[in-house]
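Dear colleague,

I am handing over the structure we spoke of, and below it you will find an account of what was found. Please keep the model open beside you as you read.

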Amino acid sequence: MKKNLITVVILALVVVNLVLTAVLTITIIPETQKANELITKVCSAIDLDLVAGDTAGSLAINVADMKDYAVNGGETQTINLADSGDGSLHYAVLGISLSLDTTNEDYATFGDGAGDLSAQDNIINDTIKTVIASHTIDDMRNNEEEVKEEILEALQGLFKSAFIVRVNFSSATYQ
C-alpha cells in the first residue's frame, strides 16, 4: 500500500513539473524572441557602420584639399528609375561630380595621379546607375542626400579606398 501511495505522489509531482515547464516555456519564448530581434538589430547597425567606410570623413577635409572630378566629362546622364507603382516610367537627368581628397595616399594611385579618373569612367558610371536605378522618383526627390551617401559608399567599396569623399549633383531633373 505504501509503494502505491508513493507512486501516486511521484506521478502527481511529475505532472505538476510538466505543467510548470509548459507555463515557463510559453512565457519565456516570446521574450527570448524579442531579445534576439534586438540583438540582431544592434549587430546589423554595427555592421552597417563598419561597412560604411569613411563617408563621414569628408567633414574633416578642407575644401582646399578637394578636387572636383566631373563624371562622364561633365555631361548629364539620363538614368531610368525604379517603378514607383503609378504606371509611369520615371527617369533622372543628372550631372554628377565627385569630390576627391588630394591628401589621401590613394589619390595618386588611381587615374593619372592628378585626379583624372576618366580611365575608370565606365565603371564609375555603371556603379552610379546601378544605385540610382534601384530608387524610385519619390526616393530621389525626398531623400537625395541618402542616395548620394549610398553612391559614395558604393564607390568607396569599388575602389576600396576613401579618397572619394563626396558625390555632387551639379544638376538634377526628375521626370
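Ala 64 lies in the loop that joins helix H1 to strand S1 (66–70), where helices are DSSP runs of H or I with at least four residues and strands are runs of E with at least two, both numbered from the N terminus. With a relative accessible area of 72%, Ala 64 is exposed; here exposed means over 50%, buried under 20%, and partly exposed in between, with a 1.4 Å probe and protein chains only. Although Ala 64 and Thr 102 are 38 residues apart along the chain, their C-alpha atoms are separated by 9.0 Å.

Before going further, please note that this is a predicted model, in which local features need pLDDT of at least 70 and side-chain atom pairs count only at pLDDT 80 or more, while totals for chains, interfaces and linings use all residues. Residues are numbered from 1 along each chain as its sequence is written, and side-chain values use heavy atoms, with hydrogens and water left out.

As for the overall layout, the protein has 4 helices and 4 strands, which run α-β-β-β-α-α-α-β from the N terminus on. Of its 175 residues, 31% are buried. Among the contacts (heavy atoms within 4.5 Å) with a separation of 6 or more, 71% are between residues 24 or more positions apart.

The largest nonpolar core, meaning a set of buried Ala, Val, Leu, Ile, Met, Phe, Trp, Tyr and Cys residues joined through side-chain atoms within 4.5 Å, has 28 residues, and Leu 94, Leu 98, Ile 132, Ile 151 and Phe 169 have the most contacts inside it. Two or more residues of this core come from each of strand S3 (91–101), H2, H3, helix H4 (144–159) and strand S4 (164–174). Leaving aside neighbours within four places in sequence, Leu 94 is in contact with residues including Ile 79, Ile 132, Met 140 and Phe 169.

Two threonines also deserve a look. Thr 127, in helix H2, is buried because its relative accessible area is 14%, and a polar atom of its side chain lies 2.9 Å from the backbone oxygen of Ile 123. Beyond four places in sequence, Thr 127 is in contact with Ala 154, Leu 155 and Leu 158. Thr 136, by contrast, is found in the loop between helix H2 (121–133) and helix H3 (137–142), and at 18% relative accessibility Thr 136 counts as buried.

Turning to charge, the structure holds 3 salt bridges, each a side-chain nitrogen of Lys or Arg within 4 Å of a carboxyl oxygen of Asp or Glu. In helix H1, Lys 34 and Glu 31 are 3 residues apart, about one turn of the helix, and their side chains meet in a salt bridge (4.0 Å, N to O). In helix H4, Lys 148 forms a salt bridge with Glu 144, the closest N and O atoms being 3.9 Å apart, and Glu 145 forms another with Lys 148, at 3.4 Å. Through shared partners, Glu 144, Glu 145 and Lys 148 are joined into one network. Within that network, Lys 148 is buried, with a relative accessible area of 11%, whereas Glu 145, at 53%, counts as exposed.

With kind regards

How values were computed. A polar contact is a pair of N or O atoms within 3.5 Å; within protein, one must be able to donate a hydrogen and the other to accept it, and residues adjacent in sequence count only if both atoms are side-chain atoms.
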